[in-house]
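Student: Please pick a single part of this model and take a close look at it with me. I'd like one connected story rather than scattered notes.

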Amino acid sequence: MVGQHDENLLSDMLPIYYTRLFPQNIFCRWLTCGSYPHPVSNRELSFTLADDVYIRYLSINNQKDFQTLLQKKIPHKLDIGGVYNTKPSIARHDSVVLARELVFDIDLTDYDEIRTCCQEAKVCEKCWKFMVIACEIIDKALRDDFGFQNILWVFSGRRGIHCWVSDYEARTLDSPGRGAIADYMCLIMGGDNQNKKVNLGSDNIHTSIRRALNIIDQYFEQLLEEQGFISTADRLQTFLKIMPDENLKSQTEKVLAKMSEASLDRWKAFLNIYNNYYRENSNSSRKIKYLIEEIKIQYCYPRLDVNVTKGFNHLLKSPFSIHPKTGKVCVVFKPGNAKNMKLDEVPTIYSLLDDSSPDNAQHQVNMRVAVKNFQEVVFSLEKTEAMRRRNDANTSLDF
Amino acid sequence: MDFKLKRKSIKTPISGSLKETYPHDLQFYKVPPTCDINLQEFETLALERVTLLRTLATATTLKGLRLNSEEYTEYVLGELRTQGLKYYARLCEKSGCAETAADFEARRKDHIAHFILRLAYCRTEELRRWFVAREMELFKMRFAVMRGEAVDVFFKLNNLCYTNITDNEKNEIIHYLRECLPYQNIDNMKFYKVKFYEVLDLVKTRKVYLSGGYAYIPHRDFISVLSALYRTHLRQSLAIASQHLGEIEQDERLVSLLKGLHQSYSGNDYSETKSVVPIESLDSLSLKSFPLCMRQLHEQLRMAHHLKHGGRLQYGLFLKGIGVTLEDSLRFWRDEFTKIMELDKFEKQYAYNVRYNYGKEGSKRNYSPFTCLKIINTPVGPGDCHGCPYRHCDTSNLKNKLLGYGYDPQAVHEVVDLAKKGHYQIACSKYFDTVHNEDVGLGINHPNQYFEESQKIIKGGIKVEPKKEKVTIKKEEIDDLEGMDFDEPL
């Protein structure tokens with residue numbers, strides 16, 4: 001349904017969408033469970049209405065409230081904030097955020113300097129692969145390294161993905177804790193004036209980075225070909241600027257510039273040059289010990305918007321909100337299934353509500369799958385929460 | 001915790017002898033002092049501790065020394081001695097449990113001063129963060145210089161006990177431990193299992209092996225656990241203290257001292273200027289009177305007609321600081337941005353930001369232009385052009401840029417060399433001299449200061465006197481602290 005998007009229709013369609021398709025029940029259970037031990041009414045919701053009117057500090061007591069609020073305001077966009085010590089709508093001056101899911105926001109615009117298929121708001125199947133890699137790497141790190149279990153992955157509606165970690169430990173983590181996790185995950189640093197954005201040093205490569213590299217390796221060559229990272233003269237120059245060693249750089253340039261433009265061939269030739277060079281130049285080897293790994297990371301590793309993760313109260317678009325610019329539903333997906341996700345199979349409000357749309361049947365199915373994915377995460381969250389509370393009760397009885 | 005206890009009017013003497021109260025040079029400051037002290041000493045102790053904390057801040061940021069490196073400790077101790085803070089030097093040099101009268105006296109002062117500063121720094125989130133970050137540095141430094149037996153005593157005194165993991169458990173993960181830890185003799189070390197949030201500083205720098213939410217650390221990394229404990233304790237205590245501010249502030253003798261303490265040391269913040277700079281002159285001003293960080297933002301804006309958020313903030317506030325009016329500012333940004341976007345989009349998405357910088361939107365605070373410190377420490381990501389060029393540019397990029405401007409290659413070489421060594425602000429000062437063809441050797445610590453100094457030279461000695469801030473009013477808005485991550489040393 002690309003190209004059929006019309007923002008003016010939203011105000012008419014949204015009330016129906018919210019009543020018939022938005023998984024209100026599961027959504028409220030998710031919020032309630034994720035706000036515990038505070039009541040769900042302490043959770044901030046924020047609405048963006050038509051014409052970018054923005055309302056903050058809303059809250060709901062239950063699903064009925066939520067439905068009423070939705071119908072009254074008809075938000076074009078739905079954001080979720082933190083859990084306050086009081087109802088967020090009252091006593092704003094001394095209210096503080098007590099808890100908040102640990103969130104991650106990855107957006108393809110941050111890949112503009114490396115992706116060659118699209119820029120800015122555009123996105124295609126080719127550059128979606130960056131999101132697939134990002135999702136796999138972060139999901140794995142959250143589970144294996146930090147031991148988190150209740151992780152929700154949401155398509156942001158246009159060109160990115162969001163991740164919500166609802167484990168109790170994650171929700172109650174303070175700002176330095178969030179900052180530390182964000183920094184642990186963040187490998188790409190530096191602005192437009194820094195060409196080499198990854199530095200792994202010369203000691204061992206950390207276990208988590210090794211694991212990330214293994215994931216990248218599954219996609220690297222394919223991406224290299226599809227994106228043509230080093231095919232044209234310009235891109236080759238950008239690539240060469242990453243090299244910290246002038247001799248290696250000029251050797252590489254000499255060989256690669258003469259070759260055909262196929263990135264994969266050029267890459268393989270570069271690997272050869274690098275290996276020989278590394279063997280023969282032991283004095284500069286410290287600087288380039290992990291150059292190959294660093295390049296792969298610079299071209300493929302997730303680029304997080306760390307401010308979103310670090311902030312305790314950064315608003316983030318809710319699952320199943322409609323993206324106001326594309327009409328797409330912010331569907332929940334399984335991290336293992338990200339690679340099978342097709343952007344034009346993401347249901348839009350139009351395809352869902354219009355029986356005559358050719359995509360209608362398929363998108364209805366996809367929507368149900370997305371809701372089911374959401375349910376699974378919420379059920380498992382409720383189960384772990386119940387267990388945690390029982391354990392807490394037991395330990396406190398021991399005293 | 002009753003904070004009234006710290007007021008001088010309370011007469012109860014400390015229970016027990018000094019030896020019982022202060023057994024160790026290092027303490028967690030769990031119990032507030034309960035002794036009498038006169039106002040004079042109260043003030044002296046407070047100011048001395050602020051001096052100490054500011055010394056620590058200078059060491060990591062302005063001097064760029066690595067926390068707990070040899071140079072760092074040396075610098076701090078040297079400063080403490082020259083500033084006449086011998087008792088702090090004594091506590092920081094060799095933390096232990098000696099029992100001379102001088103030791104007890106130093107510990108007593110340290111104890112009281114810490115609690116006084118809690119009252120001064122519990123007022124706003126920004127102040128709390130600054131205070132906690134400095135106290136953490138102090139704690140870490142003192143722990144790092146402690147001798148083995150003193151460490152054991154410290155653990156015992158504070159009831160800290162941890163058990164190490166079994167050899168079997170260790171052998172299963174030894175491969176990962178080798179991969180993750182920056183130490184050589186992993187095989188001989190005992191390892192302890194703690195939750196990851198107990199060692200956040202190790203997590204942050206990826207210097208620990210994590211699995212299933214647990215961190216596996218050797219004995220020497222225990223400082224991380226302790227400092228995390230201390231940090232939590234301190235943050236909670238500050239939160240409690242801030243709730244009791246009302247009671248403390250009934251004593252007028254203390255109010256003005258406590259409120260002004262942090263401010264009494266910070267310089268001009270350039271949030272208001274008298275002079276007016278027309279935007280038509282920005283192009284020419286940017287050549288000579290803008291520091292490189294602002295010059296490159298200006299050029300980027302003229303070239304791409306767009307700056308990302310960080311750049312808009314850094315440059316926008318600077319412009320406000322040099323005297324560009326809000327109306328001019330709006331026109332300036334609008335003219336550039338509308339070259340690549342609809343007017344409507346600018347008005348909706350960006351004009352708010354400009355007005356916000358001038359305190360006309362949102363919390364309506366009059367934001368101060370960024371200091372060098374803040375700019376140097378700001379994170380810079382893909383697509384960003386802000387930050388400090390001496391820190392956030394590749395050497396070759398910096399060199400080409402400066403040569404491209406047509407400066408003397410010898411001078412350019414010197415600037416680049418300084419930047420490479422991490423002397424960002426000295427590099428900036430050298431750049432200043434090169435641009436102005438003079439040898440002034442300024443200490444640059446604020447882009448707006450750079451601008452004013454440059455204007456002074458160009459206009460031939462006409463002093464652009466910055467309007468003095470009314471310190472009393474500004475107190476609640478320590479804007480230059482806002483948003484800065486003080487927990488993160490360079």
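Tutor: Let's start with the words for the backbone: helices (H or I, at least four residues) and strands (E, at least two) are DSSP runs, numbered from the N terminus. What you see is a predicted model, where local features need pLDDT of at least 70, side-chain atom pairs count only at pLDDT 80 or more, totals for chains, interfaces and linings use all residues, and side-chain values use heavy atoms, with hydrogens and water left out. Residues are numbered from 1 along each chain as its sequence is written, while chains are lettered from A and ligands numbered from 1 in the order in which they are written.

Our part is chain A, and mostly its loops. Chain A has 15 helices and nine strands, and its C-alpha trace spans about 70 × 65 × 35 Å along the principal axes. Of its 399 residues, 57% are buried (under 20% relative accessible area; exposed is over 50%, partly exposed in between, with a 1.4 Å probe and protein chains only). Now take the contacts in chain A with a separation of 6 or more: 70% of them join residues 24 or more positions apart (contact means heavy atoms within 4.5 Å).

Walk along the chain and stop in the loop between α2 (24–35) and β1 (43–48), where you'll find A:P37. Look at how A:P37 is joined to A:Y36: the peptide bond from A:Y36 to A:P37 is cis, with omega near 5 degrees.

Next comes A:E120, in the loop between β5 (102–107) and α4 (125–145) of chain A. Although A:E120 isn't a glycine, its phi is positive, at about 45 degrees. A:E120 counts as exposed because its relative accessibility is 55%.

Now jump to the loop between β8 and β9 of chain A, home of A:F320. A:F320 isn't a glycine either, yet it has a positive phi of about 70 degrees. Is A:F320 buried or exposed? With a relative accessible area of 0%, A:F320 is buried.

Stay in that loop, which runs between β8 (316–317) and β9 (332–333), and find A:S318. A:S318 also has a relative accessible area of 0%, so it is buried. What is A:S318 in contact with, leaving aside its neighbours within four places in sequence? Its partners are A:F22, A:F27, A:L78, A:D79, A:I80 and A:C330.

That last partner is a cysteine, so to speak of cysteines, here's the tally: over all chains, the structure holds zero disulfides (a disulfide is a pair of cysteine sulfur atoms within 2.5 Å). A:C127 is in no disulfide, and the nearest cysteine sulfur, that of A:C117, is 3.6 Å away. A:C127 is buried, with a relative accessible area of 0%. And why is A:C186 without a bond to A:C163? The sulfur of A:C163 is the closest cysteine sulfur to that of A:C186, but the two are 15 Å apart, which is too far for a bond. A:C186 is buried too, because its relative accessible area is 13%.
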